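Walk through this structure with me, starting from its internal space and moving on to a helix contact and some charged pairs.

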Amino acid sequence: MTKTALVISAHSADFVWRCGGAIALHAQKGYAVTVVCLSYGERGESAKLWKLPDMDLQKVKAARRTEAENAARALDVHDIQFFDLGDYPLVVDRDARDRLVDVIRAVEPDFMLSHSKWDPYNTDHMYATQVALEARMIAQAWGHKPGEKVLGAPQLYLFEPHQTEQMEWKPDVFLDISPVWEKKWAAIQCMEGQEHLWHYYKNVAENRANHFMRNSGGQSGGRKASHAEGFQSVFPRTVDEL
């Protein structure tokens, strides 16, 4: 049976910066990775596009969608879905939330990924995680659409926010993405509307690789890594080995 993973991204570029390596690495391992973009980030995260002449909302949305689809291909995403719920602020009504529950039940993810729980700079991000937690809870409820197969208990990993010190985000997992870094870098470069973030997230990946090596044994046998991603797990993990 194919293993699966689900990424819930507030805006259409978030999944690239923050967990593109995890997506590509698990796709390489045979996982079918689904990405849900709750919005395109057309209002608040597309400044470069809005500075172009004769730009309007639909043109910005179309450009953002194309960028995300190109990035998804670079990362070997199995399926990418766009809910187009608007941004700044992102608003998820009951119908949209139930649609997300349907996706979660259909995917049956072995693990999920979304944003930090707190983000005062961009409340869309922490709202997306609140929605992800609610949808995960509903997907586990036997009384929601009785007769359907209910969700198990997939871990929800919170990927790295832009300014970790202000986000109350503390990683407890470091993932070596060295084997797929070139895929993530290619995906990053698909996000032409936010070119100012390209090298920032390249630096983040290099810094996290240092943390990966340090926490895998450091100079006493630590495993080398050129690039890594950090995650914070929401729920206790049950494992047979560390």
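A cavity is a set of points on a 1 Å grid over the protein atoms alone where a 1.4 Å probe fits but cannot get out; lining residues have an atom within 4 Å of a point. Its volume is the space filled by probe spheres set on the points, which are joined across faces, edges and corners. The model is predicted: local features need pLDDT of at least 70 and side-chain atom pairs pLDDT 80 or more, while totals for chains, interfaces and linings use all residues. Residues are numbered from 1 along each chain as its sequence is written, and side-chain values use heavy atoms, without hydrogens and water.

One cavity of 30 Å³ or more is present, and the largest has a volume of about 60 Å³. Its lining includes W17, R18, E160 and K184. At least two lining residues each come from α1 (14–28), α8 (198–215) and β7 (228–233); helices (H or I, at least four residues) and strands (E, at least two) are DSSP runs, numbered from the N terminus.

Helix α1 also meets α3 (residues 57–75): their axes, lines fitted to C-alpha atoms over the stretch in contact, come within 9 Å and cross at roughly 35°, the angle running from 0 to 180 degrees between N-to-C directions.

Salt bridges (a side-chain nitrogen of Lys or Arg within 4 Å of a carboxyl oxygen of Asp or Glu) number 14. In α3, K61 pairs with D84 of the loop between β3 (79–82) and α4 (94–107), 23 residues apart, with closest N and O atoms 3.0 Å apart. E69 and R65 also form a salt bridge (3.0 Å, N to O); they lie four residues apart in α3, so about one helical turn separates them.

How values were computed. On a 1 Å grid over the protein atoms alone, a cavity is a set of points where a 1.4 Å probe fits but cannot get out, and a pocket is an open set with protein on both sides within 12 Å along at least five of seven lines; lining residues have an atom within 4 Å of a point.
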